[in-house]
Amino acid sequence: MKKNRPIKFFFSFNMMMCVTLLPTSTVWSANAQVQQAQMDALLNMDFKELAEIRLTSAARKDQKLLDTAAAVTVIDQEEIRRSGMTSIPELLRMVPGLEVARINASNWAITARGFNAQFSNKLLVLMDGRTLYTPLFAGVNWNLQDVRLEDVERIEVIRGPGGTMWGANAVNGVINIITKKARDTQGWMLTAGIGTLEQVQGSLRYGGQFKDKMDYRVYGKGFEHEAFKRTDGSGARDSWEAQRGGFRSDWHLSQRDEVTLLGDVYQLREEPTDPRHGGDLLMHWTRTFQDASDFSLQLFYDRNVRSSVEESNLYDLDFQHRFHWSNNQEINWGMGYRLSAISLENSALVSWLPPSRRDQTFNLFLQDEIALQGKDLKLTLGTKVEHNDYTGLEYQPSARLMWHVTPQDTLWTAISRAVRTPSYTDTGFQLNTPLGSTTRLIIQGNPEVISETVWAYEVGYRTQPMTRLSLDVAAFYNRYDHLGTMENLPPLFNPITKSLTLAQTFANNATGATYGLETSVNWQAMESWKLRVSHTWLKMNLDLVDTSTDNSTLATANDIPRHQFQLRSYLNLPHDLELDAAWYHVSTLSHLNIPSVQRVDLRLGWKPTKAVHLSLAGQNLFDTQHPEFQGTSIQNSEIPRSFFAKLDWNF
């Protein structure tokens, strides 16, 4: 990128947003004061109040964290603000049990409980209930998830299978990014930042109200990110830039009915690949009959285009109904339909068979929550039945037991099954790679591949022995079957041209097991000082069936860190200053030749007025640069030390 582009970009972007949004309404500074008061109240809560934090992703209903029979972490809006991070993938480093490894400037490998890769295919990611999991290669394009962090209410992370509620591909975990309601983002907000890597970032948001029946917001944002460097110090040519705009509106049709409509459009450029553009539109209708009875209907459309090479369209319809069957029994059921339409352009190097396809998925789920001993002992039984065009009918049952031993102690356990269904890449991909003048390697998809499966066994314990201290421990054992492998096919020699063709194809000839322990401690050391400590221990074993010719899968068991530690500190100082620090340790990835990583981040924040917040963040402070992972189809680079200064202004 040209060196003078960040300044030009910043001013042109914000001028565009001001011209677009200025005529809409007048904003009062009281809005900023209300939002700041909410942040201060959240920061000053003790852990007795934090135990009342609620989530919706684990059981697809609103419930307390302490009533959840799953390993769950919630990143709230105050932690997001004080993290110093500028993207969703970087925020996820804060979650115990997740492995977050950056490959280059615009790509990450993210997973839960093992099997990390550039295209991690066993972690389902949602945004406001809309799936971000692409059916093309079975994974998430993290560089496209450029949500405005100031509009994120919380991020809910469930470690462990979530197939009963969310369907296929929620094998090792579910991440749900939940944005704020429009009524919580009223008024103007300008965000501007500049840094050594993220050279420039800017966003402008306006929220208003129409006749006390509808709250809305509109926003625009953009950034330019500098390229990383390789090990030898040369530029990696992985710089990227993006612009995004969108809206959200919440209609309060009656005391029982609420309709949400939201959408985004974006464009993205990253070296050296083709530019992308796309958008999404979601409608969600909820009708509440009483506290424990409601139904919802959700529709969304998602489109992603990469130049003339790739076009993907996803249509989804989801219905859910929750009601009490009896005084001690709650039923939650629903059904859904999804249509995926993908078109690709073939080349001499990469081709697809067929070059386009349309796939349909139908699902039905049922979950029964039974109170066995008042509210202190609950058994939850459920299953999802799903039909897809690759493998036909799949089932994903689960049984969960939650016991409030005392008001301060909760014990839970779960047994569940989940599947990872094949993708377009698994079945139709073909790569033709020359290895010399007379030799080539062909990697081809296999229409006969089947779903990968897991049986997961979990147990967890949450306790709050003192008002200012809480402990959360989760242990698990996962048993996998039909894991993906790369099988060697018989070589072909052409005596006329004297050329040799080597071939490999996808199959399901591996089994495996993972087991581990995840521990996190929250301690309010003083009124103005919080500490959060976590440790994750993970072990993976893989085996091949006797007939397999795969020579690479077993080594991937060492693509995960055995240990991960983190310590985060939040300190309020006099004169409206904030000092936040984080230390991360990730152990060696021996198969990838990635040494252990020690990372230290610092952030200094200052609120000179109720409406203005300034911050300076430094990341990877004690290391000039280091590698974190290796991708399979993109160039790798190293993560350097960086600094970022930011202004948030509510006006």
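Reader: How should I read burial for a single residue such as Arg 113, and is Arg 113 buried or exposed?

Author: Arg 113 counts as buried because its relative accessible area is 1%, where buried means under 20% relative accessible area, exposed over 50% and partly exposed in between, using a 1.4 Å probe and protein chains only. Before we go on, please keep in mind that this is a predicted model, in which local features need pLDDT of at least 70 and side-chain atom pairs count only at pLDDT 80 or more, while totals for chains, interfaces and linings use all residues. Residues are numbered from 1 along each chain as its sequence is written, and side-chain values use heavy atoms, with hydrogens and water left out.

Reader: What is unusual about the phi of Arg 113, and where in the chain is Arg 113 placed?

Author: Arg 113 has a positive phi of about 60 degrees although it is not a glycine, and you will find it in the loop between strand E5 (107-112) and strand E6 (123-127). The element names refer to DSSP runs numbered from the N terminus, with helices (H or I) of at least four residues and strands (E) of at least two. Asp 212 is another residue other than glycine with a positive phi, near 60 degrees, and it sits in the loop between strand E13 (198-210) and E14. Unlike the buried Arg 113, Asp 212 counts as exposed, because its relative accessible area is 63%.

Reader: Which peptide bonds are cis, and what omega do they have?

Author: One cis peptide bond joins Glu 271 and Pro 272, with omega at about -5 degrees, and Pro 272 lies in the loop between E16 and E17. Another cis bond runs from Leu 353 to Pro 354, where omega is near -5 degrees, and Pro 354 belongs to the loop between strand E21 (350-352) and strand E22 (356-371).

Reader: How do I read the empty space inside, and how many cavities of 30 Å³ or more does the structure hold?

Author: Rolling a probe the size of a water molecule over the atoms shows where empty space is left. A cavity is a set of points, on a 1 Å grid over the protein atoms alone, where a 1.4 Å probe fits but cannot get out, and its lining residues have an atom within 4 Å of a point. The structure holds eleven cavities of 30 Å³ or more, and the largest has a volume of about 500 Å³, a volume being the space filled by probe spheres set on the points. Its lining is made by 33 residues, of which Arg 130, Leu 132, Gln 145, Asp 280 and Asp 302 lie nearest the centre. Among the elements that give two or more residues to this lining are strand E7 (130-131), strand E8 (133-134), strand E16 (257-270) and strand E17 (276-290), and E16 gives the largest share, with four residues.

Reader: What does the second largest cavity look like, and which residues lie nearest its centre?

Author: The second largest cavity holds about 380 Å³ of space, and of the 30 residues that line it, Thr 86, Glu 90, Arg 102, Glu 198 and His 225 lie nearest its centre. Helix H5 (88-91), E14, strand E35 (612-619), strand E37 (639-640) and strand E38 (642-650) each give two or more residues to that lining.

Reader: How do I recognise a salt bridge, and how many are there?

Author: Side chains of opposite charge can pair when their charged atoms come close. With a salt bridge taken as a side-chain nitrogen of Lys or Arg within 4 Å of a carboxyl oxygen of Asp or Glu, the count comes to 48. Asp 280 and Arg 130, both named above beside the centre of the largest cavity, meet in one of these at 3.6 Å, N to O. This pair links distant parts of the chain, with Asp 280 in strand E17 and Arg 130 in strand E7, 150 residues apart. Both Asp 280 and Arg 130 are buried.

Reader: Which residue does Lys 646 pair with, and where do the two stand in the chain?

Author: Lys 646 forms a salt bridge with Glu 150, the closest N and O atoms being 2.5 Å apart. Here, too, distant parts of the chain are linked, since Lys 646 is in strand E38 and Glu 150 is in the loop between strand E9 (139-140) and strand E10 (152-159), 496 residues apart. Glu 150 counts as buried because its relative accessibility is 14%. In a further salt bridge, between Glu 156 and Arg 154, the closest N and O atoms are 2.6 Å apart, and both residues are buried. Salt bridges that share partners also join Glu 78, Arg 81, Arg 82, Glu 578, Asp 580, Arg 603 and Lys 607 into one network.

Definitions and conventions. On a 1 Å grid over the protein atoms alone, a cavity is a set of points where a 1.4 Å probe fits but cannot get out, and a pocket is an open set with protein on both sides within 12 Å along at least five of seven lines; lining residues have an atom within 4 Å of a point.
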